[in-house]
Number of protein chains: 2
Amino acid sequence: MNVQISNRLKDINGSAIRDIFKLLGDPNIISFAGGNPASSALEPERIAAFAQEALAENGVNLLQYGQTEGYAPLRESAAEFFRHNGVETDPAHILPVSGSQQGLDLICKALLNEGDTMLVENPTFLGALQTFRTYGARFAAVETDEDGAIPESLEEQIRAHHPKLIYLIPTFQNPTGRTLSLERRRRIAELVNEYQVPLIEDDPYCDLRYRGQALPAIKSFDEQGYVLYCNSFSKIISPGLRVAAVVCQDDGLLRKLVVGKQSTDVHSPNLNQAIIDKYLRSGLLQEHIRQICASYAKQMDAMQRMLSTFPASVSYTRPDGGIFLWCTLPEDFNTTQLLSTATKQGVAYIPGTHFYADGQGHHNTMRLNFSNASLENIEKGMERLRALFLSQGLC
Amino acid sequence: MNVQISNRLKDINGSAIRDIFKLLGDPNIISFAGGNPASSALEPERIAAFAQEALAENGVNLLQYGQTEGYAPLRESAAEFFRHNGVETDPAHILPVSGSQQGLDLICKALLNEGDTMLVENPTFLGALQTFRTYGARFAAVETDEDGAIPESLEEQIRAHHPKLIYLIPTFQNPTGRTLSLERRRRIAELVNEYQVPLIEDDPYCDLRYRGQALPAIKSFDEQGYVLYCNSFSKIISPGLRVAAVVCQDDGLLRKLVVGKQSTDVHSPNLNQAIIDKYLRSGLLQEHIRQICASYAKQMDAMQRMLSTFPASVSYTRPDGGIFLWCTLPEDFNTTQLLSTATKQGVAYIPGTHFYADGQGHHNTMRLNFSNASLENIEKGMERLRALFLSQGLC
């Protein structure tokens, strides 16, 4: 067959993360590569019970076509749930979507033209970068430090590039685990309102806090609706159910997100939305979150304890939550080249280069996930990594 | 908030069908507007049992991230199921998607550039037209008659327009209910292979046959893989679960569909795919299809019987299956203008103009759905329509 692939996809070959996911199937490889919740955090019996209950109460409606705008009870319960992050919204401005990834896709579909500039953190979530690339986005980087994106740099880049969109993960950022400070949240909300640039606040990890005080979302300081808030139930309930939601307070833009969703998948599956709605209304979620946080905190500590045995030339982030650590090796290390040796020795990670907007350089960095490995495997896998790096001359 | 909508969406205001769906909520309106299965065709208890079973057997995997390529057991069972339409494929060339709409979206994402020409039947499915428009497609029409698309016209239009894609619904077409003849299926498969133009064969209604002999899919005559076959479980199991599948035999193109899906929603929900897989393996589907066909046949007959009481100036199609009839009123009738009066009088339909690629004219046509109305409501609703048209001077 002789076909010509579209300009938008011809040079995009898929996410390194998704392909490395396939390694997860090999029981001999301890994977720190994915962004998966722990298997023990997933609750098939409880989900089956909610499914049963939802289908018994409202089965015919759930199995029938639903509204593109989302399952009405979930729009209500999600609006209620988001309050604890300081996000105040009415249900009519919440759009349930099939994972935050779809939220990003629909926002791009509604706002980006080929060649438009986006401001992103560098490094940032590679799956988001892939979506933005399919819309022909160009990237400019906001400088970051230990407290996340630097507002002065954000303002400078807005003035320099007149971006169409800004993308930030303010809490337990992917890949670094870093969190934007309270003061910067307030300031960034002011800036995007002042310069009238929509900001995507991608916030899937905010409930996975193991220490320190919870911070309100940037959205909580948003006066005119320039912050498009995305939150997901993937990390706290189940990624396989594919349920997330976008808060968009502008009716015109929300309508375009809905139109985009109509043409993309008509609507998100009703049953999945109903299961999440049941969970949110059950009163059981806070306790479940408390339990998974208790485990993940131990896993993060174990990984950091192992990293503290590496030579001091290896630096790493010390987040207050989330599921990732970000490691930096000495300049001459190349984690991309070392990955195949690492997997042969039974350990996997994501090379850091994939998280940079230009997809180049930073070869001495890597992302480590700790949520989906047991304490024993964290110890074993990190030992394998240490041995590998030492054998490559790490000192 | 002051935002500029992207070029692709700024002039697209959503599908008339989805907005008319909202009328379905009003119990005083008998709707022939949607494309919904009958409520009685939906099986909440059975689906709950399959969900339960799937989660009990494989719950943690189903709730975890899945593969973009789809849930492996469903790829197998769908490959087996599609055999009865003459579609022979191995599971590796089946991509489960979130409804056929997503299949159309992903194919466009992978193949269309702004301004590319597509060949479509005129009239054709308005939801597909909306998706194609979001990719900047231009349209050229293939002439059709009672036996569907005319191969000579297809060839002529291929030569004239060098289209990037062709879109056909060969069986019980939406909106006309017409079916492409066997001989034309064979010829069209030859033509798309000869001219090397990918054809989307959208085939959601093929199992809803009430009379006559089943015809093999165009795909069954496809030698080099130019036919991209889309089939859906929406009409025979449940639209709300959003499970369909695309058969694509070209590995390069399939990879691009997967890359597009990664960036759109990562993967389709595992639980939904597992439920459909369970149903396909249960041995119960053929009997279920037999039952819904028996009801729908009666509903179609009732609607046609009512139409036969309209003045002879109203013509309508006489399909062998599917869920739609297509009506043509005298030239001076305008179904778009009459719709608000119709809904006030308690009956809804879709004005035919929406099904035309240029979205104009053909104001004397309309699509009527019979699958989602009881025999009693079909009688009542059609009586209301007849009274309305008579009051407008129909003779």
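In this predicted model, chain A is divided into two domains: domain 1 takes in 12-43 together with 286-391, while domain 2 covers 44-282. Taken over C-alpha atoms, the centres of these two domains of chain A lie 25 Å apart. Where they meet, 29 residues of domain 1 of chain A are in contact with 34 residues of domain 2 of chain A. On the domain 1 side of this meeting place, at least two residues each are supplied by H2, by helix H11 (285-307) and by strand S12 (324-328) of chain A. The largest share there, five residues, comes from H11(A). Sorted by class, the residues on that side of domain 1 of chain A are 18 nonpolar, eight polar and three charged.

Let us now step inside chain A and begin with strand S7, residues 165-168. Are the residues on its two faces buried or exposed? They are all buried: Leu165(A) and Tyr167(A) lie on one side, Ile166(A) and Leu168(A) on the other, and both faces of the strand are covered. This arrangement fits a simple pattern. In a regular strand the side chains alternate between the two faces of the sheet.

Strand S7(A) has partners to follow. One is strand S3 (residues 117-121) of chain A, which pairs with S7(A) in the parallel sense over three bridges. Within that pairing, you can find Met118(A) standing opposite Leu165(A). Another partner is strand S8 (residues 199-202) of chain A, which runs parallel to S7(A) and is joined to it by three bridges. Here Leu168(A) has Glu201(A) in S8(A) as its bridge partner. To travel from S7(A) to S8(A), look for helix H8 (residues 182-195) of chain A: the two strands and this helix make a right-handed β-α-β unit.

From S3(A) we can also reach strand S4 (residues 138-142) of chain A, since these two strands pair in the parallel sense over five bridges. A good spot to check this is Val120(A), which stands opposite Ala141(A) in S4(A). Another right-handed β-α-β unit appears here, made by S3(A), H6(A) and S4(A).

Next, pick out Ala54(A) in helix H3 of chain A. Why does Ala54(A) count as buried? It has 26 C-beta neighbours inside 10 Å, and 20 or more are enough for a residue to be called buried. Leaving aside residues up to four places away in sequence, Ala54(A) touches Leu62(A), Leu271(A), Ala274(A), Ile275(A) and Lys278(A). The chain also brings Gln273(A) to 9.9 Å from Ala54(A), C-alpha to C-alpha, although the two are 219 residues apart in sequence.

A second residue to visit is Thr335(A), in helix H12 (residues 335-344) of chain A. Thr335(A) is buried too, because 22 other C-beta atoms lie within 10 Å. Beyond residues up to four places away in sequence, its contacts are Leu329(A), Tyr349(A), Pro351(A), Gly352(A), His363(A), Asn364(A), Thr365(A) and Met366(A). One of these, Tyr349(A), is 14 residues from Thr335(A) along the chain, with 8.8 Å between their C-alpha atoms.

Turning to chain B, you will find four strands forming an open sheet in the order S11-S12-S15-S14, with antiparallel pairing. Its edge strands are S11 (315-316) and S14 (350-351) of chain B, each of which pairs on one side only. Two bridges link S14(B) with strand S15 (residues 365-369) of chain B in the antiparallel sense, and Pro351(B) stands opposite Met366(B) in S15(B).

Finally, how do the two chains come together? In all, 70 residues of chain A are in contact with 70 residues of chain B. Several helices of chain A give two or more residues to its side of this contact, among them H1 (7-10), H5 (100-111), H9 (251-265) and H10 (270-282). The largest share, 11 residues, comes from H3(A). By class, the side of chain A that touches chain B has 30 nonpolar, 32 polar and eight charged residues.

A rotation of 180° with 0.0 Å of shift along its axis superposes chain A on chain B, with an RMSD of 0.0 Å. That is the relation of a two-fold axis. Both copies use the same surface, as 100% of the contact residues of chain A recur in chain B.

How values were computed: Residues are numbered from 1 along each chain as its sequence is written. Chains are lettered from A and ligands numbered from 1 in the order in which they are written. This is a predicted model: local features need pLDDT of at least 70, side-chain atom pairs count only at pLDDT 80 or more; totals for chains, interfaces and linings use all residues. Two strands pair if DSSP finds at least two bridges between them. Two residues are in contact if their C-beta atoms, placed from the backbone, lie within 7 Å. Ala, Val, Leu, Ile, Met, Phe, Trp, Tyr, Cys and Pro count as nonpolar, Asp, Glu, Lys and Arg as charged, and the others, Gly among them, as polar. Copies are superposed by least squares on the C-alpha atoms of residues with pLDDT of at least 70 in both. Domain bounds come from an automatic or database domain assignment. A residue is buried if 20 or more other C-beta atoms lie within 10 Å of its own, exposed if 12 or fewer, and partly exposed in between; C-beta atoms are placed from the backbone. A crossover is right-handed if, with the strands pointing away from the viewer, the path from the first strand over the helix to the second runs clockwise.
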